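Open the model in your viewer and keep the sequence panel visible. The stops below say what to select and what is there.

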Amino acid sequence: GRWFDQPLVLGCATTSILIVGIAYHFLLRHVWQPEGLQWLADVVLHYAVPVLAFAHWVAFAPRSGLGVLAPLAWCLYPMGYFAYVFVRGELLASYPYYFIDVAGIGYRQAMVNSFGLLVAFIVLGAAVLAVARLRNRFRPAEGPDAATAASGSAARHGVRFRDGLLRRSRRRVARRNQSCWKWIPRRSLPRLGSRGVACTGTRAA
């Protein structure tokens, strides 16, 4: 839907799925050994999907709506997730992963691990934002932006063309005046005042 097309939502989703793939590879891959369809699902969910999501981000990164503080806004999602995990774990005495299992490693270590993942999420979010900005720097304008740029370029060319015509017209008038119009001294035509102008087509004697 349109909500998922919003730059902040799309950036948060991209960063989240990337952190899922990275965290799985380094923290959870050794925990189990899937086989058959489980192995296929594992590869698709934890490797293929993050790679495809990042490729989509590189190809279709939003042109606007992403400020420098966007990664900090995105980290609200993992913060909410950790809060849910700890509250749920306190009620059910069950935690999804060993590195945030309060019953096994204690609150202190679970909080330290959660904070480390949150920092990693922010750093990865900053990298995702940098990729979007770098991509847009080399991507041609599209849609309304392209139309605006094209109209502006056409207007500039029109102004230059008009100025060129005016300059050529002035040069032609100047050349015609040099061959036709002559300044006649007062002593030659007293009735014209201090200076007189005549266009006779020939030089005055």
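The bend at a residue is the angle between two fitted axes, one through the seven residues ending there and one through the seven starting there. Keep that in mind for the second stop. Note also that this is a predicted model.

**Stop 1: the whole chain**

Colour by secondary structure. The protein has 6 helices and 2 strands, and from the N terminus the elements come in the order α-α-α-α-α-α-β-β. Of its 205 residues, 24% count as buried. Among contacts with a separation of 6 or more, 62% link residues 24 or more positions apart.

**Stop 2: helix α5**

Select residues 102–137, which make up α5. How far does this helix span between its end C-alpha atoms? The span is only 46 Å, whereas a straight helix of 36 residues would cover 52 Å. Now centre on Arg108, where α5 bends by about 75°.

Move to the N-terminal end of the helix and show the side chain of Asp101. Asp101 caps this end, with a side-chain oxygen 3.1 Å from the backbone nitrogen of Ala103.

Next, show the buried residues of α5; among them are Val102, Ala110, Ser114, Leu118, Leu124, Gly125 and Asn136. To see what the buried residues of α5 pack against, display α1 (7–28), α2 (37–60), α3 (70–74) and α4 (76–92).

**Stop 3: Phe121**

Select Phe121, which is in helix α5. Is Phe121 buried or exposed? Its relative accessibility is 2%, so Phe121 counts as buried.

Leaving aside residues up to four places away in sequence, Phe121 touches Cys12, Thr15, Ser16, Ile19, Trp74, Cys75 and Pro78. Draw a C-alpha to C-alpha distance from Phe121 to Thr15: these two are 106 residues apart in sequence and 7.1 Å apart in space.

**Stop 4: the nonpolar cores**

In soluble globular proteins, nonpolar side chains tend to be buried together. Here the largest nonpolar core has 16 residues, and the members that touch the most others are Trp57, Leu66, Trp74, Phe121, Val128 and Ala132. At least two residues of this core come from each of α1, α3 and α5. α5 gives the most, with 6 residues.

A second core, separate from that one, has 10 residues, including Tyr24, Val85, Phe86 and Tyr95. Colour the two cores differently to tell them apart.

**Stop 5: Leu117**

Stay on helix α5 and select Leu117, which lies in it. Not counting residues up to four places away in sequence, Leu117 touches Leu27, Phe82 and Phe99. Leu117 and Ala23 are 94 residues apart in sequence, but their C-alpha atoms are 8.4 Å apart in space.

**Stop 6: the cysteines**

Select Cys12 and Cys75, both of which are in contact with Phe121. How many disulfides does the structure hold? It holds 0 disulfides. Cys12 is in no disulfide, and the nearest cysteine sulfur to its own, that of Cys75, is 9.0 Å away.

Why is there no bond from Cys75 to Cys12? The sulfur of Cys75 is 9.0 Å from that of Cys12, the closest cysteine sulfur, and this is too far for a bond. The cut-off used for a disulfide is a pair of cysteine sulfur atoms within 2.5 Å. Both residues also lie on the buried side of the scale: Cys12 is buried, with a relative accessible area of 16%, and Cys75 is buried, with 7%.

**Stop 7: His46**

Go to helix α2 and select His46, which is placed there. What joins the side chains of His46 and Asp42? A polar contact of 2.8 Å does. Apart from residues up to four places away in sequence, His46 touches Val20, Gly21 and Tyr24. Tyr24 is also one of the residues of the second nonpolar core.

**Stop 8: Ala93**

Finish in the loop between α4 and α5, where Ala93 is found. Most residues other than glycine have a negative phi. Ala93 has a phi near 55°, a positive value in a residue other than glycine. Show the surface here: at 64% relative accessibility, Ala93 counts as exposed.

Definitions and conventions:
Residues are numbered from 1 along each chain as its sequence is written. This is a predicted model: local features need pLDDT of at least 70, side-chain atom pairs count only at pLDDT 80 or more; totals for chains, interfaces and linings use all residues. Side-chain values use heavy atoms; hydrogens and water are left out. Helices (H or I, at least four residues) and strands (E, at least two) are DSSP runs, numbered from the N terminus. The expected span of a helix is 1.5 Å times one less than its number of residues. Buried means under 20% relative accessible area, exposed over 50%, partly exposed in between (1.4 Å probe, protein chains only). Contact means heavy atoms within 4.5 Å. A polar contact is a pair of N or O atoms within 3.5 Å; within protein, one must be able to donate a hydrogen and the other to accept it, and residues adjacent in sequence count only if both atoms are side-chain atoms. A nonpolar core is a set of buried Ala, Val, Leu, Ile, Met, Phe, Trp, Tyr and Cys residues joined through side-chain atoms within 4.5 Å.
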